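Colleague: I would like to go through some of the labels used for this model and the values behind them. Please take them one at a time.

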Amino acid sequence: MTMDSLRRQLSRARRRDLWLTLTPTLLLIALAFSATLYFVKPAPPKHLVLALAPDEGGARYYARRYQELLKKDGITVELRNTEGSAHSVALLTDPAQHVDVAFVQSGLRDADKVKHVVSLGSLSYVPLWVFYRGAPVEDLRGLAGKRIAVGPEDSSTRALALTLLEANGIASGTEGAPTQLVPAERDAAMEALKAGTVDAAFVLAPAESPAVKKLAAVPGIQLLSFARADAYVRRYPYLSKLVLPRGVFDLAKDVPAHDVVLLSPTANLVARDSLHPALAYLLMRAGSEIHGGAGLLDRAGEFPAPLEAGFPLSSEARRYYQAGVPLLQRYLPFWAANLVDRLWVMLVPIIAVVVPLGRAVPALYRWRVRSRVFRWYARLKEIEIQLEENPGRPMLEDMLKRLEETERSVNQIPTPLAYAENLYFFREHVDVVRRRLVRRLAGVVDDSPAETQATG
């Protein structure tokens, strides 16, 4: 065999060994990555649909702020106007509407029965203002038999008004003096109250609302102070008791003229439970920036908060309010943090599969190369066992012939130079057996224990 043919044979053997060793390894790595990809979250969408009732709690203003902040992170927020919080939730629960998040007021009826909707937190207080004409009253019971503007059908104002009026037994009127519920929108209800066409109006609006401040200063119109506010809060956990300080609207004119106890639901950001976690954290970060300041009725940093809203708190919101912004989003842009977060998951197969295989593959390759030589030791051992049976000369000659054939076969095994010592070790062991055979043929019966041990 020429040197070139030997080199070619060695090269083919090396390639074959590498492929036979690496193929199962590569298949295991591919399987691990495939399993990991199944659990890796997809990249967050770049488009978000936000449903809101424009006249509820300054929703239009806040929605535009969210648009501006999320645009900086490459997220486009589409606004979809609704008739009220109930309508917004209905759109959110309908997959065909493709609504992702919504502003809703707490206290919606049957909110606990809504499926696949979670809360990302309460954003602000939206107090219930009950303005009325006539003699002072201490509670809603004094409005029995009056004409009351309670908001349009799907509005959160109407939902809360009906809950409180029914609790006082006056929603359907009283004997001899039926209560009339007028489905007027906020601005129309205020104008009707000024004109005297209604006796009272329920209004949900922030304390900073200019319309509320103006109406509180109109002569002849009074603002109801809930004398039994503690009882309402105990009955309805989504309500909070707030105190509007005397003169906070206008110190010069002393408006209001006394402290007013208010009941307040909250404006909440709710989402489908399938919302991408990265977008959920981004929305809550924006909420902290938009709603984190102080107001007339809330302290700085009080919102957003995980208050009772009628919807379960999402797992992302729970972690956010306990531990704050995720570590990566604190120091990296949104797109970079999300990319690193997704790539980090891909390290799992590398750590769990690639690293152990990186140690196992060289050992497997070494075993495969050595096994070509090692399997010939079975024939060598067979000759030694036959030698112990005191064979005759013909058998000894046949054994010597087989030994020579074994040596020639092993010498033709293509073995990389890094593992050539195995070949030479085998040849040394062949020489030990050959010397025993030659001595036996020469009539020497005594065998050396040292040599027997060397090949045993």
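Colleague: Which element gives the most to the lining of the largest pocket?

Modeller: In this predicted model, that is α2, with 4 residues. Helix α2 spans 59–71, and β4 (117–125) and α8 also supply at least two residues each.

Colleague: What is the volume of the largest pocket, and which residues are closest to its centre?

Modeller: The space in the largest pocket comes to about 420 Å³. Its lining has 24 residues, and Gly57, Tyr62, Ser124, Pro206 and Glu208 are the closest to the centre. By class the lining holds 11 nonpolar, 7 polar and 6 charged residues.

Colleague: What makes the largest cavity a cavity and not a pocket?

Modeller: A cavity is a set of points where a 1.4 Å probe fits but cannot get out, whereas a pocket is an open set. With a threshold of 30 Å³ or more, the whole structure has 3 cavities, and about 90 Å³ of space lies in the largest cavity.

Colleague: Which residues lie nearest the centre of that cavity?

Modeller: Glu56, Gly57, Ala59, Phe103 and Ala267 do, out of 13 lining residues. Two or more residues come from each of α2, β3 (101–105) and β4, and β3 has the largest share, 3 residues. The lining of the largest cavity divides into 7 nonpolar, 5 polar and 1 charged.

Colleague: Why are α12 and α13 called roughly antiparallel?

Modeller: The axes of α12 (residues 377–387) and α13 (residues 393–411) come within 10 Å and cross at roughly 165°. Angles over 145 degrees count as roughly antiparallel, so α12 and α13 get that label. Their crossing is left-handed.

Colleague: Which residues make the contact between α12 and α13?

Modeller: From α12 they are Arg379, Leu380, Glu382, Ile383, Gln386 and Leu387, and from α13 they are Leu396, Met399, Arg402, Leu403 and Thr406. These contact residues comprise 6 nonpolar, 2 polar and 3 charged.

Colleague: Why is α8 described as oblique to α9?

Modeller: Helix α8 (residues 277–291) and helix α9 (residues 315–323) have axes that come within 10 Å and cross at roughly 45°. Roughly parallel needs an angle under 35 degrees and roughly perpendicular one of 65 to 115, so α8 is oblique to α9. The crossing of α8 and α9 is right-handed.

Colleague: What is the make-up of the contact of α8 with α9?

Modeller: Pro277, Ala280, Tyr281, Met284, Arg285 and Ser288 of α8 meet Glu316, Ala317, Arg319, Tyr320 and Tyr321 of α9. The split is 7 nonpolar, 1 polar and 3 charged.

Methods: Residues numbered from 1 in each chain as written. Predicted model: local features only at pLDDT ≥ 70, side-chain atom pairs only at ≥ 80, totals over all residues. Heavy atoms only, no water. Axes fitted to C-alpha atoms, helices over the stretch in contact; angles between N-to-C directions. Left-handed = near helix turned anticlockwise from the far one by under 90°. Contact = heavy atoms within 4.5 Å. Nonpolar A, V, L, I, M, F, W, Y, C, P; charged D, E, K, R; others polar. 1 Å grid on protein atoms, 1.4 Å probe; cavity = no way out; pocket = protein on both sides within 12 Å on 5 of 7 lines; lining within 4 Å. Points joined across faces, edges and corners; volume = space filled by probe spheres on them.
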